[in-house]
Amino acid sequence: MTDRPSEDVEDILLWLNAHSVRVSDGVPASLLQQKWLSSGRDPARLRDSLAWLFQHQQIALTPDLEPPHVRFTSAGYSQLLSQFDAARTPPPAPAEPSVTAGTTPLPPQPAPTPEAAPAIPATLESTSIIELPTSHRFLHHGEPPTEIGLRNQLLDIYRDLKLKPGSQIIAMTLSRYWQEMGLRAGDLRTAIDILARDGYLLFSSLRFEPHWRLTEAGHAYAHAPLTPTPLLELATPLIELEDHGLDDEALRQAGLALFRGAAAEWRSFAGLEAAWRRGRDSLLHSLDLLWKAGLIELRVGEPLAIRLTEQGAALREKTGGGLRRLIGL
């Protein structure tokens, strides 16, 4: 192996970072072997890559831990950060789905088939913060936060780290990400409350440290098409968190129930809000979920107009009786 780190070596460093509960402990050597075999690579290459990392003093065995653990050295962690520095200039992002008149948003792309779950939960330790900026901005420094903005901004951290359902981040790491974006610590607490209420994050404790675990619903929301700007702009500053008691499926159904009458008819947000039995934020969340599922389309203008897609109209007709009952919730 040359003096230049190979892709194999870079992946080992990434796995060390992603699965280290504490940087000082590292991860079991057996976990690295499991990750390697699950990627379909030749076991001999793992031996060569580990030998290179030990030779260049980028990893070391963790003293006094059984089974054997491998951890970063300071040089190894510097190499990891240099990988992220090299990735700071991403390729051009694909354009958001059009929200102009007469266009229908593409349905959500199917999620990639998940690989076998690792032997231990995927975690990020507070001292191993990845210094990559998040890809999108839903909140801005100095502006009052909105519920839909907080939901998107916090889940963008999980999306940016490409975490799978069941992966968790230590609370201190979330706090450091939040601070690097110039956002208020109190707003992070509110964002966590929103995602816990929505069923997108679950609290867990590991070695007496609080963690927040990404659920299947949270992963689905984070990896669906991005919330369109017109819906973000309809949000008002968050004053009090609404305890609406509806999961994503119930919110989608209640949103569909608002579109009574001709499916092709454009509705104003004000008209939908007048028929909604709950708060404005839950309506925006409902419309956001319908958008992500390809069930509504938007026509930008003053005012914004919304109508069902063909897929949305078909689903409304299929579940019409239940939808009519939901509108009275």
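## Loops, a small sheet and a pocket

Gln-57 is found in the loop between helix H3 (43-55) and strand S2 (59-61). In this predicted model, Gln-57 has a positive phi of about 55° although it is not a glycine. The residue counts as exposed because its relative accessible area is 59%, and exposed means over 50%.

A second backbone feature lies in another loop, the one between S8 and S9, where Pro-303 is found. The peptide bond that joins Glu-302 and Pro-303 is cis, with omega at about 0°.

The strands on either side of that loop belong to an open sheet of 3 strands, which takes the order S7-S9-S8 with antiparallel pairing. Strand S7 (267-268) and strand S8 (296-299) are the edge strands, each pairing on one side only. Between S7 and strand S9 (residues 305-308), which run antiparallel, there are 2 bridges, and Ser-268 has Ala-305 in S9 as its bridge partner.

Turning to the pockets, the second largest has a volume of about 350 Å³. Its lining is made up of 19 residues, and those nearest the centre of this pocket are Arg-137, Phe-138, Leu-139, His-140 and Leu-232. Helix H9 (residues 229-234) gives the most to this lining, with 3 residues. The classes of the lining residues of the second largest pocket are set out below.

| Class of lining residue | Count |
|---|---|
| Nonpolar | 8 residues |
| Polar | 7 residues |
| Charged | 4 residues |

How values were computed:
Residues are numbered from 1 along each chain as its sequence is written. This is a predicted model: local features need pLDDT of at least 70, side-chain atom pairs count only at pLDDT 80 or more; totals for chains, interfaces and linings use all residues. Side-chain values use heavy atoms; hydrogens and water are left out. On a 1 Å grid over the protein atoms alone, a cavity is a set of points where a 1.4 Å probe fits but cannot get out, and a pocket is an open set with protein on both sides within 12 Å along at least five of seven lines; lining residues have an atom within 4 Å of a point. Grid points are joined across faces, edges and corners, and a volume is the space filled by probe spheres set on the points. Helices (H or I, at least four residues) and strands (E, at least two) are DSSP runs, numbered from the N terminus. Ala, Val, Leu, Ile, Met, Phe, Trp, Tyr, Cys and Pro count as nonpolar, Asp, Glu, Lys and Arg as charged, and the others, Gly among them, as polar. Two strands pair if DSSP finds at least two bridges between them. Buried means under 20% relative accessible area, exposed over 50%, partly exposed in between (1.4 Å probe, protein chains only).
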